[in-house]
Amino acid sequence: RADEGTDLMKKISMSVRKGANAYLKRQYTGVAAFFAVLFIVLCVMAAFGFLTWFVPFAFLTGGFFSGLSGFIGMKIATASNARTANGAMKSLNTGLRIAFSAGGVMGFVVVGLGLFDISFWYFFLKWWFRDLDDNARIQAITSAMLTFGMGASSMALFARVGGGIFTKAADVGADLVGKVEAGIPEDDPRNPAVIADNVGDNVGDVAGMGADLFESYVGSLVSALTLGAV
């Protein structure tokens, strides 16, 4: 029975990973179209002199790294789900260690990518505007980096809201079909909707949360930079 349970966990985990990848592929396709439109709008504004030409590209990099942090965190989470459950069958400490290590990846990815992107833009813009005096250089750097936070916020909005809607719809559907119609327990593997529910948990609570945390982290850094410039 232990071998059967392990095989079942592997099959469920594989199905969840495939479903999460399929969802994110579809979501990122729609988000890419949104970012392309806004990128063109920002380029037009830069062409007329309302913005610097760095703003559209800062907007793209903010959204890209926000989505990337959520994607990496979700890939690690889906890969560790079955391992955590299998480890918990041995001892609570084993399962906790696997889960804690997998969750720690999200924290390091969010902070690492956020610091990398902000540091890159800051030092690059500081070099680009090196001929300006200190006050003018700081204002120019801040005005360009503000849009970096805007791009991260846009990506977090799609990831968090889209994933949350998906997971709630799948959860309600699984409960209605499983409990009410079929009369089987909640999260029973015999209910195919449970797979969709688990997919929603990963894309909403992991990928969406990762993008949201990235947006909050870099938003606080850029806000502090803006207050200092003002």
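**Exercise 1. Describe the second largest pocket: its space, its lining and the character of that lining.**

Start with volume: the second largest pocket holds about 230 Å³ of space. This is a predicted model, where local features need pLDDT of at least 70, side-chain atom pairs count only at pLDDT 80 or more, and totals for chains, interfaces and linings use all residues. Residues are numbered from 1 along each chain as its sequence is written, and side-chain values use heavy atoms, leaving out hydrogens and water.

Next, the lining. Among its residues are Tyr28, Phe35, Phe64, Phe71 and Met155. Lining residues have an atom within 4 Å of a pocket point; a pocket is an open set on a 1 Å grid over the protein atoms alone, where a 1.4 Å probe fits, with protein on both sides within 12 Å along at least five of seven lines. Helix 2 gives the most, six residues. Last, character: nine residues are nonpolar, two polar and none charged.

**Exercise 2. Classify the ring pair of Phe54 and Trp128, and say how exposed each residue is.**

Ring centres must lie within 6.5 Å to pair; planes under 30 degrees apart count as stacked, over 60 as edge-to-face, the rest as tilted. Here the centres are 5.4 Å apart and the planes stand at 80 degrees, so the Phe54–Trp128 pair is edge-to-face. Phe54 sits in helix 2 and Trp128 in helix 3, so the pair ties together parts 74 residues apart in sequence.

Now exposure. Buried means under 20% relative accessible area, exposed over 50%, partly exposed in between (1.4 Å probe, protein chains only). Phe54, at 15%, is buried. Trp128, at 45%, is partly exposed.

Methods: Points joined across faces, edges and corners; volume = space filled by probe spheres on them. Helix = DSSP H or I, 4+ residues; strand = E, 2+ residues; numbered from the N terminus. Nonpolar A, V, L, I, M, F, W, Y, C, P; charged D, E, K, R; others polar. Phe/Tyr/Trp six-rings, centres within 6.5 Å; stacked < 30°, edge-to-face > 60°.
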